[in-house]
Amino acid sequence: MAMKKIVIIEPDDEIREAYREKLSAEKFEVHTASHGRDGLDLIWREEPDCVLLEGLLPNIDGFEVVRRIRDKASTMHIPVVMVTELGHEDDKACARHLGVQEYCVKGEHTEEDVVEKIKQLCSPA
C-alpha cells in the first residue's frame, strides 16, 4: 500500500517540524512549506491525500489557499485540516463554508489530536 501524502503549510519552523516528525512516524510522505504560495505549488504538484495548514500565512493566507484548492478540479476533493490561532466564530464559519474538514484552534487541540484527525481523514471509509 502506498504511503499517504500530506502537505503541511505552517510559518512557524518548530511547529512545522513537529508535525513533519509526527506524521513521518505515522508513515506519511510529508511535504512542507512556510507560506501560502509555496504551499499551493506543492499541493498542485503533489496532489496530496490531505493538507494541514495555518490560517495566518505570509503572502497568501490559509483561507485563500483553501479557496484555490477548492477551485481546481484536481485538488477540490482533498481534505483540509486548519490549525490556527484564529478562534473567533466568524473564522470557524468561514473555514466550514470553504470546506475545511477539521478546524483546530491552537492551544485547544494537541498535536497528537490533530495527527489522529488526519489519520481518520486519510483512512478508507
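Which residue just after α4 takes a positive phi? That residue is Gly-99, with a phi of about 95°.

## What you're looking at

This is a predicted model, where local features need pLDDT of at least 70, side-chain atom pairs count only at pLDDT 80 or more, and totals for chains, interfaces and linings use all residues. Residues are numbered from 1 along each chain as its sequence is written, and side-chain values use heavy atoms, with hydrogens and water left out. Helices (H or I, at least four residues) and strands (E, at least two) are DSSP runs, numbered from the N terminus.

## The two sides of α4

Helix α4 runs over residues 89–98, and Lys-92, Ala-95 and Leu-98 are buried in it. Buried here means under 20% relative accessible area, exposed means over 50%, and partly exposed is in between (1.4 Å probe, protein chains only). Why do the buried three sit on the same side of α4? Because they cover an arc of only 130° around the axis, the arc being that of the directions from the helix axis to the C-beta atoms. As background, an α-helix has 3.6 residues a turn, so residues three or four places apart point the same way.

Flip to the other side of α4 and you'll find Asp-90, Arg-96 and His-97 exposed. As for the buried residues, what covers them includes α3 (62–71) and β5 (102–105).

## How α1 meets α5

Helix α1 (residues 13–25) packs against helix α5 (residues 111–122) at an angle of about 50°, and their axes are 11 Å apart. Axes are lines fitted to C-alpha atoms, for helices over the stretch in contact, and angles run from 0 to 180 degrees between N-to-C directions. The pair is therefore oblique; angles under 35 degrees count as roughly parallel, over 145 as roughly antiparallel, 65 to 115 as roughly perpendicular and the rest as oblique.

On the α1 side, Ala-18, Tyr-19, Lys-22 and Leu-23 make the contact, and on the α5 side it's Glu-111, Glu-112, Val-114, Val-115 and Ile-118. Contact means heavy atoms within 4.5 Å. Sort the residues of this contact and you get 6 nonpolar, no polar and 3 charged. For that sorting, Ala, Val, Leu, Ile, Met, Phe, Trp, Tyr, Cys and Pro count as nonpolar, Asp, Glu, Lys and Arg as charged, and the others, Gly among them, as polar.

## How α2 meets α3

Now for helix α2 (residues 36–46), whose axis comes within 10 Å of that of α3, crossing at roughly 25°. These two are therefore roughly parallel to each other. From α2, the contact takes in Gly-36, Leu-40, Ile-43 and Trp-44, while α3 brings Val-65, Arg-68 and Ile-69. Here the split is 5 nonpolar, 1 polar and 1 charged.

Glu-46 also lies in α2, and at 18% relative accessibility it counts as buried. Neighbours within four places in sequence aside, Glu-46 is in contact with Lys-5, Glu-29 and His-31.

## Some loop residues to check

Leu-56 is in the loop between β3 (50–53) and α3, and is partly exposed at 45% relative accessibility. Its C-alpha atom is 8.3 Å from that of Pro-11, 45 residues apart along the chain. Leaving out neighbours within four places in sequence, Leu-56 is in contact with Pro-11, Thr-84 and Leu-86.

Two non-glycine residues have a positive phi: Lys-27, near 70°, and Glu-47, about 45°. Lys-27 sits in the loop between α1 and β2 (28–33) and is exposed at 59% relative accessible area. Glu-47 sits in the loop between α2 and β3, partly exposed at 42%.
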